[in-house]
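These are my notebook entries on a single chain, written down in the order in which I looked things up.

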Amino acid sequence: MAEVIRNEFTPVEYDPQYILQVNTLKKYFPIKGGMLGRTVGHVKAVDGVTFNLKRGTTMGLVGESGCGKTTTGRAILRLAGEKTGGQVLFNGKEVYDLSAKEMRELRTKMQIIFQDPFSSLSPRLPVGEIIGEAVREHNLVPKAEFDDYIDKIMDECGLQPFHKDRYPHEFSGGQRQRICIARALALNPEFVVCDEPVSALDVSIQAQIINLLRELQESFKLTYLFISHDLSVVEHISDSVGVMYLGNLVEYGSTEDIFSNPLHPYTEALFSAIPVPDPNAKMNRIVLQGSIPSPANPPKGCKFHTRCEKCMEICKYANPQWKEVESGHFCACHLFNDEEETARANEEMARVKADEKGKS
């Protein structure tokens with residue numbers, strides 16, 4: 001029998017300092033089974049993500065493969081179908097309450113740079129048409145100024161005017177990613193989701209693309225959600241960082257706070273894997289045991305307890321509260337519970353144990 005999905009959350013009010021406010025965002029994908037194709041469960045790809053993003057800044061979103069980073073980015077842009085629950089405010093407007101016409105207008109303000117620059121570009125269209133297709137569709141510039149506008153955008157992204165008549169297969173990986181950036185920039189967006197934009201590139205090319213993104217951010221006052229699993233890149237480009245595990249944010253704060261004082265055991269384990277450019281330096285590597293549990297059947301309590309070396313009894317039964325441990329530094333871990341939160345967690349643990357005993 002399919003589980004009941006609860007969409008309980010407290011709506012937040014618009015705060016002008018934030019271009020994006022994500023509140024308890026959930027995105028579940030149904031699992032079909034049986035001859036009738038009924039829904040027998042759900043993959044909880046995004047399971048209650050909350051954060052705010054200030055204008056003109058970059059938020060890095062990190063975590064292991066399969067933790068829900070990309071789905072979070074797509075759900076914010078309304079590219080993953082309808083949300084399961086929560087709230088996404090862009091400039092104070094709930095993205096999922098907009099009509100088709102209003103959403104079409106908003107599309108120019110919210111863009112995405114995909115991970116693979118080759119598969120995200122049509123092989124049948126020349127570069128000039130790829131960059132200018134959406135510009136023409138949304139009537140952003142007069143026809144007489146169209147060619148000059150595309151040339152200007154290409155120049156901003158390090159592409160030459162004669163590249164307009166060439167096709168994607170004629171370019172290197174770094175050049176193709178510049179084309180993807182130009183395509184997003186051509187619509188004059190305010191917010192861009194960068195979905196691992198440098199993971200498929202060589203290290204030297206990665207540096208060029210990162211520097212290009214920073215230059216464009218300053219020139220066009222852009223706001224980025226930068227999704228990556230490369231912590232050194234995230235540290236270089238981000239103002240704030242969110243750490244995801246199995247559909248949940250487990251820690252969030254400024255880049256300086258996160259890298260200098262990681263609070264959550266999962267964040268500590270991730271950072272212990274960052275290579276140190278010193279052959280004589282001693283690495284205090286934290287090796288996580290086991291593999292990531294299935295998002296279709298996550299463990300009770302804290303989802304990380306099956307791999308955590310600091311796991312306590314309440315971690316196995318009670319879900320940790322998302323709380324501000326330090327100023328602007330949030331974490332979801334029982335290690336930082338106060339007396340009231342510990343009492344509430346113990347009550348939840350006792351209730352879960354009683355339910356399990358009753359079923360057995």
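Entry 1, helix 3 against helix 5. In this predicted model, I looked up how helix 3 (residues 127-137) sits against helix 5, and I found that their axes come within 8 Å and cross at roughly 25 degrees. Because angles under 35 degrees count as roughly parallel, I noted helix 3 as roughly parallel to helix 5. I also recorded that the crossing of helix 3 and helix 5 is right-handed. For the residues, I listed V127, I130 and I131 on the helix 3 side, which meet I179, A182 and R183 of helix 5. By class, the residues of this contact divide into 5 nonpolar, no polar and 1 charged.

Entry 2, helix 3 against helix 4. I then turned to helix 4 (residues 146-156), whose axis and that of helix 3 come within 10 Å and cross at roughly 115 degrees. The crossing of helix 3 and helix 4 is right-handed. I wrote down V127, G128, I131, G132, V135 and R136 as the helix 3 residues, and these meet F146, Y149, I150, I153 and M154 in helix 4. The residues of the contact of helix 3 with helix 4 divide into 8 nonpolar, 2 polar and 1 charged. Going back over my lists, I noticed V127 and I131 among the helix 3 residues that meet helix 5, and V127 and I131 are also among those that meet helix 4.

Entry 3, helix 5 against helix 6. For helix 5 (residues 173-185) and helix 6 (residues 203-220), I found axes that come within 10 Å and cross at roughly 15 degrees. That makes helix 5 roughly parallel to helix 6. Their crossing, as I noted it, is right-handed. From helix 5, I listed G174, Q177, R178, I181 and L185, which meet I205, Q208, I209, L212, L213, L216 and F220 in helix 6. Sorted by class, the contact of helix 5 with helix 6 has 8 nonpolar, 3 polar and 1 charged residues.

Entry 4, residues with a positive phi. I kept in mind that most residues other than glycine have a negative phi. I looked up K221 in the loop between helix 6 and strand 8 (223-227), and its phi is near 55 degrees, a positive value in a residue other than glycine. K221 is exposed, with a relative accessible area of 65%. L246 lies in the loop between strand 9 (240-245) and strand 10 (248-254), and it has a positive phi of about 50 degrees although it is not a glycine. Is L246 buried or exposed? At 3% relative accessibility, L246 counts as buried, whereas K221 is exposed. I added R78, which comes just after helix 1 and takes a positive phi of about 65 degrees.

Entry 5, helix 1. Having reached R78, I went back to helix 1 (residues 69-76) itself, which is mostly covered, with 6 of its 8 residues buried. The buried residues I listed in helix 1 are K69, T71, T72, G73, A75 and I76.

Entry 6, two single residues. C311 is found in the loop between helix 9 (265-272) and strand 11 (322-326), and at 27% relative accessibility it counts as partly exposed. Leaving out residues up to four places away in sequence, I found that C311 touches H305 and K316. I also noted that the C-alpha atoms of C311 and H334, which are 23 residues apart along the chain, are separated by 9.1 Å. R351 has its place in helix 10 (residues 339-359), and at 48% relative accessibility R351 counts as partly exposed. The C-alpha atoms of R351 and A318, 33 residues apart along the chain, are separated by 9.5 Å.

Entry 7, the chain as a whole. I finished with the overall values, starting from the 10 helices and 12 strands of the protein chain. Its radius of gyration is 22 Å, close to the 21 Å that the globule rule gives for 360 residues, so I recorded the chain as being as compact as a globular protein of that length. The C-alpha trace spans about 75 × 60 × 45 Å along its principal axes. Of the 360 residues, 47% count as buried. Among contacts between residues at least 6 apart in sequence, 64% join residues at least 24 apart.

Methods
Residues are numbered from 1 along each chain as its sequence is written. This is a predicted model: local features need pLDDT of at least 70, side-chain atom pairs count only at pLDDT 80 or more; totals for chains, interfaces and linings use all residues. Side-chain values use heavy atoms; hydrogens and water are left out. Axes are lines fitted to C-alpha atoms, for helices over the stretch in contact, and angles run from 0 to 180 degrees between N-to-C directions. Angles under 35 degrees count as roughly parallel, over 145 as roughly antiparallel, 65 to 115 as roughly perpendicular and the rest as oblique. A crossing is left-handed if the near helix is turned anticlockwise from the far one by less than a right angle, and right-handed if clockwise. Contact means heavy atoms within 4.5 Å. Ala, Val, Leu, Ile, Met, Phe, Trp, Tyr, Cys and Pro count as nonpolar, Asp, Glu, Lys and Arg as charged, and the others, Gly among them, as polar. The radius of gyration is taken over C-alpha atoms; the globule rule is 2.2 Å times the number of residues to the power 0.38. Buried means under 20% relative accessible area, exposed over 50%, partly exposed in between (1.4 Å probe, protein chains only).
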